[in-house]
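This briefing goes through a protein model by topic. Please keep the sequence and the structure at hand while reading.

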Amino acid sequence: AAHAIAKIIDINKVDIRVISPRNYFVFTPMLAAAAVGTVEYRSILEHIRSANPVIEYTQGTCESIDLEKKELLVRPYPPGLEKDFNVPYDVLVMAVGLRPSSLGVPGVSAHCLFLKNIEDARRLRKQVTQNFEAADLPIKSDEERQRLLTFVVV
């Protein structure tokens, strides 16, 4: 949602600031293809400043909203480098995205690789590659190879 607004908003009528810990948008339907190497990561990214070069961008996270003062408390990203600061607003559009859910299934968070962002795609590619290489070692038993080469996609 934030990406769509940033691309089409009429900057002659409003000033816009995007606050996000990432300075890029991800075309999430292509994450699986990036994870397996069909497309390169850079092919599914668009930098915020490229989407609309006139908008303002702040790398940080919104920690709280003061509705009465119409101010956001922003923590610079990565945390700890700078002090938190306030950003005033007239109209606030929140596009917070979402986090992967385990749907309450025990063990999912501990044993699952989610696929929601570029870091997840890289982690998945690395784990699959490591499993392939480990399974190829001559010291592995057939049972261990089968375990290493068994993947479940939910």
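## Strand pairing and contacts

Leu-73 in strand 5 has Asn-86 of strand 6 as its bridge partner. The model is predicted: local features need pLDDT of at least 70, side-chain atom pairs count only at pLDDT 80 or more, and totals for chains, interfaces and linings use all residues. Residues are numbered from 1 along each chain as its sequence is written, and side-chain values use heavy atoms, with hydrogens and water left out. Helices (H or I, at least four residues) and strands (E, at least two) are DSSP runs, numbered from the N terminus.

**The sheet**

- An open sheet is built from 4 strands in the order 1-4-5-6, and its pairing is mixed. Two strands count as paired if DSSP finds at least two bridges between them.
- Strand 1 and strand 6 (85–88) are the edge strands, each pairing on one side only.
- On average, neighbouring strands of this sheet are turned by 60 degrees against each other, direction ignored. The axes behind this angle are lines fitted to C-alpha atoms, for helices over the stretch in contact, and angles run from 0 to 180 degrees between N-to-C directions.
- Strand 1 and strand 4 run parallel and are joined by 4 bridges. Ile-19 has Thr-58 in strand 4 as its bridge partner.
- Strand 4 pairs with strand 5 in the antiparallel sense over 6 bridges. Gly-60 has Pro-76 in strand 5 as its bridge partner.
- The pairing of strand 5 with strand 6 is antiparallel as well, over 4 bridges.
- A hairpin is formed by strand 4 and strand 5, with 4 residues between them. Lys-70, in the turn, has a positive phi of about 55 degrees.

**The two faces of strand 5**

- In a regular strand the side chains alternate between the two faces of the sheet.
- Leu-72, Val-74 and Pro-76 of strand 5 point to one face and are buried. Buried stands for under 20% relative accessible area, exposed for over 50%, and partly exposed for values in between (1.4 Å probe, protein chains only).
- Glu-71, Leu-73 and Arg-75 point to the other face of strand 5 and are not buried.

**Salt bridges**

- The whole structure holds 7 salt bridges. A salt bridge is a side-chain nitrogen of Lys or Arg within 4 Å of a carboxyl oxygen of Asp or Glu.
- Glu-56 and Arg-17 form a salt bridge with an N to O distance of 2.7 Å. Glu-56 lies in strand 4 (residues 56–66) and Arg-17 in strand 1 (residues 17–20), so the pair ties together parts that are 39 residues apart in sequence.
- Glu-56 is partly exposed at 40% relative accessible area, and Arg-17 is partly exposed at 39%.
- Glu-63 and Arg-75 form a salt bridge at 3.2 Å, N to O. Glu-63 belongs to strand 4 and Arg-75 to strand 5 (residues 71–76), so this pair ties together parts that are 12 residues apart in sequence.
- Glu-63 is partly exposed, with a relative accessible area of 38%; Arg-75 is partly exposed at 31%.
- In the salt bridge between Arg-147 and Glu-144, the closest N and O atoms are 2.8 Å apart. Both residues lie in helix 6 (residues 142–148), 3 residues apart, about one turn of the helix.
- Arg-147 is exposed at 53% relative accessibility, while Glu-144 is partly exposed at 23%.
- Glu-63, Arg-75 and Asp-84 are joined into one network by salt bridges that share partners.

**Helix 5**

- Helix 5 (residues 118–135) has 18 residues and spans 26 Å from its first C-alpha to its last, close to the 26 Å expected at 1.5 Å a residue. The expected span is 1.5 Å times one less than the number of residues.
- The buried residues of helix 5 are Ile-118, Asp-120, Ala-121, Asn-131 and Ala-135. They lie on the same side of helix 5 because they cover an arc of only 165 degrees around the axis. The arc is that of the directions from the helix axis to the C-beta atoms.
- Lys-126 and Glu-133 are exposed on the other side of helix 5.
- Among the elements covering the buried residues of helix 5 are strand 2 (24–26), helix 2 (31–36), strand 3 (45–47) and helix 6. Contact here means heavy atoms within 4.5 Å.

**The loop at Gly-97**

- Gly-97 sits in the loop between strand 6 and helix 4 (108–111). Gly-97 is exposed, at 56% relative accessibility.
- The C-alpha atoms of Gly-97 and Lys-116 are separated by 10.0 Å, and these residues are 19 residues apart along the chain.
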